[in-house]
Amino acid sequence: MSELIVVAFRDQYRAAEVLNELRRREWDWACDLDDAVTVTLDGNGRVRIQLNVDLSPGETARWIDLWRSLLSITLFMPTLGSLAASRIQTPGSVTGNGGPSKSAGIQCDAAWWKADFRISEAFLRDVGAVVKPESSAIFMLLYTEQIFPVLRQLHNYGNMIIHTTLTPEQDEKLGAVLALA
C-alpha cells in the first residue's frame, strides 16, 4: 500500500530542515524520502521547490512531472508547468518544452490526478488550505503497510499532516507513470 502524505509547517524554512532530519533516521520508510519534495512559499507567494535528482535515465523527468502536476492541482499554481527542471532532457521525457512527460503512454498532468487517478477531493482541498504564503510543506509518497506508526513519527515534527491511502488501482496507475520504460 502507498500513502500520499503532506506535512505542512507555518515556517517557510522548516520543511527542508525536517526532510533532512527524517532522511537521517533509520526507519523502514525513510528510504522512500529520496523522492520527496519540499515546497516553500515566501511572503509574496513566490514558490521554491527542492527535490533530489536521481540521474538515472528517465527517472528524473518522471518524478519532476509527477510532483509538478500534483503541486499544480493542490496549490493552484499553473506556473509550475514552466519549472526549469522539467526541461531536463532524459529518455521518456518531452524534449525541452516543459510539458508533461509521457510514460508508458500515460500523460501525467494536473487533469490526470482528477480524471484518471481519481485523487481525493478532500485531500486536494486540505492541502490547498494549509500551504499558504510564509509556509512550507513536504510532499512524500511512502510505500508502507503500517501508516499509523509513520504518522505518529511525523507528528513529532509537524502537527499539520494530510494523507490519503492509495487504492490498489491508484498504486498501479502511479507505478505505470513512474515505471522505467
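Which elements cover the buried residues of α5? In this predicted model, the cover of those residues includes the strands β1 (2-9), β6 (135-143) and β7 (160-165), together with the helix α1 (14-24). Helix α5 itself spans residues 147-155, and its buried residues are I147, V150, L151 and L154. These four residues lie on the same side of α5, because they cover an arc of only 100 degrees around the axis. The face of the helix turned away from this buried side carries the exposed residues F148 and R152.

A further residue of α5 links the helix to a distant part of the sequence. Q153 has its place in helix α5. When its neighbours within four places in sequence are left aside, Q153 is in contact with W27 and W29. Q153 and W27 are 126 residues apart along the chain, yet a distance of 9.5 Å separates their C-alpha atoms.

The setting of these elements is the fold of the chain as a whole. The secondary structure comprises six helices and seven strands, and from the N terminus on the elements run in the order β-α-β-β-α-β-β-α-α-β-α-β-α. Of the 181 residues in the protein chain, 48% are buried. The chain exposes about 9200 Å², and 51% of this area is supplied by carbon and sulfur atoms. Contacts that reach across the sequence were also counted: among those between residues at least 6 apart, 75% join residues at least 24 apart.

Five of the strands form an open sheet with the order β3-β2-β6-β1-β7 and antiparallel pairing. The edges of the sheet are held by β3 (47-51) and β7; each has a single partner strand, so one side of each is left without a neighbour in the sheet. On average, and with direction ignored, neighbouring strands of this sheet are turned by 15 degrees against each other.

The pairing at both edges can be described in detail. At one edge, strand β2 (residues 37-41) pairs with β3 in the antiparallel sense over five bridges, and T40 stands opposite R48 in β3. Helix α1 packs on the sheet, where it touches β1, β2, β3 and β6, and its direction makes about 30 degrees with that of β6. Helix α4 (residues 121-130) also packs on the sheet, touching β1, β6 and β7; the direction of α4 makes about 160 degrees with that of β7.

At the other edge, β1 and β7 pair in the antiparallel sense over six bridges, with I5 standing opposite H163 in β7. In a regular strand the side chains alternate between the two faces of the sheet. Strand β7 has a covered face formed by M160, I162 and T164, whereas I161, H163 and T165 form an uncovered one.

Packing between helices was examined next. Two packed helices are described by the angle between their axes and the distance between the axes. Helix α2 (residues 59-75) takes part in two such pairs, one with α6 and one with α4. The axes of α2 and helix α6 (residues 168-178) come within 9 Å and cross at roughly 135 degrees, which makes α2 oblique to α6. In this pair, R62, W63 and L66 of α2 meet L174, V177 and L178 of α6.

For α2 and α4, the axes come within 8 Å and the crossing angle is roughly 75 degrees. That angle makes α2 roughly perpendicular to α4. The residues in contact are I73, T74 and L75 on the side of α2, and L124, V127 and G128 on the side of α4.

Finally, the backbone was considered at two loop positions. Most residues other than glycine have a negative phi. R118, however, is a residue other than glycine with a positive phi, near 60 degrees. R118 lies in the loop between α3 (110-115) and α4, and this residue is exposed, because its relative accessible area of 63% is over the 50% cut-off. E134 is likewise not a glycine and has a positive phi of about 65 degrees; its position is in the loop between α4 and β6. The loops that hold these two residues thus both adjoin α4, the helix that packs on the sheet against β1, β6 and β7.

Definitions and conventions
Residues are numbered from 1 along each chain as its sequence is written. This is a predicted model: local features need pLDDT of at least 70, side-chain atom pairs count only at pLDDT 80 or more; totals for chains, interfaces and linings use all residues. Side-chain values use heavy atoms; hydrogens and water are left out. Buried means under 20% relative accessible area, exposed over 50%, partly exposed in between (1.4 Å probe, protein chains only). The arc is that of the directions from the helix axis to the C-beta atoms. Contact means heavy atoms within 4.5 Å. Accessible areas come from the Shrake-Rupley method with a 1.4 Å probe; for residues, only the protein chains shown count as cover. Two strands pair if DSSP finds at least two bridges between them. Axes are lines fitted to C-alpha atoms, for helices over the stretch in contact, and angles run from 0 to 180 degrees between N-to-C directions. Angles under 35 degrees count as roughly parallel, over 145 as roughly antiparallel, 65 to 115 as roughly perpendicular and the rest as oblique.
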